[in-house]
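Visitor: I should like to go through this model with you step by step. Could you guide me from the overall fold to the individual residues?

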Amino acid sequence: MSLGENWLKARTMMTDGYTTTQVSEITGFSIRQLDYWARTGMLSPSIKSSDGPGTRRRYSFDDLVRLSFIQRLREAAWSTQKIRKALAHLCAQHAGEEAL
């Protein structure tokens, strides 16, 4: 693939976002785990949430950063409840800012 094709693909990914399958491949979290977190509000896709069966969620790059944060906390043996609180605190601290 040429440099121009790679740039076009990256640009498309940034504007269209990442599907649940792509996020799963990038982060190592299972699709089932991502779906559960989206349903429970722990980490909802910021570009597009699911509107029912057959619709696709779309995650932003910032969502990937949040997932990386979750991954680090899980590696440090944090409970899901503590991770939820940490995410809420982080989002509250950066409210109004464009990105984490």
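Visitor: Let us begin with helix α5; which exposed residues lie on its face turned away from the buried side?
Guide: The model is a predicted one. The buried residues of α5 are I83, A86 and L87. Seen down the axis, these buried residues fall within an arc of 100 degrees, so they line one face of the helix. The face turned away from that buried side carries Q81, K82, K85, H89 and A92.

Visitor: How far does α5 reach from its first C-alpha to its last?
Guide: Helix α5 covers residues 80-93, which gives 14 residues. At 1.5 Å a residue, a span of 20 Å is expected, and the helix comes close to it. From first C-alpha to last, α5 reaches 20 Å.

Visitor: Which helix is included in what covers the buried residues of α5?
Guide: The residues to be covered are I83, A86 and L87, the buried residues of α5. What covers them includes the helix formed by residues 61-75, namely α4.

Visitor: What pattern does the chain follow along the sequence?
Guide: The chain has five helices and zero strands. Read along the sequence, the pattern is therefore written with helices alone. It is α-α-α-α-α.

Visitor: What percentage of the residues in the chain is buried?
Guide: A residue counts as buried when its relative accessible area is under 20%. The chain has 100 residues to which this cut-off applies. The buried residues make up 29%.

Visitor: Which element gives the most to the largest nonpolar core?
Guide: That core has 16 residues, and V23, L34, W37, Y59, L67 and I70 touch the most other members. The elements that give two or more residues to this core are α3 (31-40), α4 and α5. With four residues, the element that gives the most is α4.

Visitor: Which residues does V23 touch, leaving out those up to four places away in sequence?
Guide: V23 is among the core residues that touch the most other members. With residues up to four places away in sequence not counted, its contacts are Y18, G28, L34, Y59, L64 and L67.

Visitor: Against which helices do the buried residues of α3 pack?
Guide: In α3, the buried residues are L34, D35, W37 and A38. They cover an arc of only 165 degrees around the axis, which puts them on the same side of α3. The face turned away from this buried side carries the exposed residues R32 and R39. The buried residues pack against α2 and α4.

Visitor: What kind of aromatic pair do F29 and W37 form?
Guide: A search of the whole structure finds one aromatic pair. Both partners are buried, because F29 has 7% relative accessibility and W37 has 2%. The ring centres of F29 and W37 are 4.9 Å apart, with 75 degrees between the planes. Since an angle over 60 degrees defines the class, the pair is edge-to-face.

Visitor: Is T20 buried or exposed?
Guide: T20 lies in helix α2, residues 20-27. Not counting residues up to four places away in sequence, T20 touches I31, L34, D35, R57 and Y59. Because its relative accessible area is 11%, T20 is buried.

Visitor: What distance separates the C-alpha atoms of Q22 and R58?
Guide: Q22 also lies in helix α2, and at 25% relative accessibility Q22 counts as partly exposed. Q22 and R58 are 36 residues apart along the chain. Their C-alpha atoms are separated by 9.7 Å.

Visitor: What is the phi of A77?
Guide: A77 lies in the loop between α4 and α5, and at 68% relative accessibility A77 counts as exposed. Most residues other than glycine have a negative phi. The phi of A77, which is a residue other than glycine, is positive, near 65 degrees.

Visitor: With which residues is W78 in contact, leaving aside neighbours within four places in sequence?
Guide: W78 has its place in the loop between α4 and α5. At 38% relative accessibility, W78 counts as partly exposed. Leaving aside those neighbours, W78 is in contact with L73, I83 and A86.

Visitor: Which residue with a positive phi follows α3?
Guide: The phi of the residue in question is near 85 degrees. The residue that follows α3 is G41.

Definitions and conventions: Residues are numbered from 1 along each chain as its sequence is written. This is a predicted model: local features need pLDDT of at least 70, side-chain atom pairs count only at pLDDT 80 or more; totals for chains, interfaces and linings use all residues. Side-chain values use heavy atoms; hydrogens and water are left out. Rings of Phe, Tyr and Trp (its six-membered ring) pair if their centres lie within 6.5 Å; planes under 30 degrees apart count as stacked, over 60 as edge-to-face and the rest as tilted. Buried means under 20% relative accessible area, exposed over 50%, partly exposed in between (1.4 Å probe, protein chains only). The expected span of a helix is 1.5 Å times one less than its number of residues. The arc is that of the directions from the helix axis to the C-beta atoms. Contact means heavy atoms within 4.5 Å. A nonpolar core is a set of buried Ala, Val, Leu, Ile, Met, Phe, Trp, Tyr and Cys residues joined through side-chain atoms within 4.5 Å.
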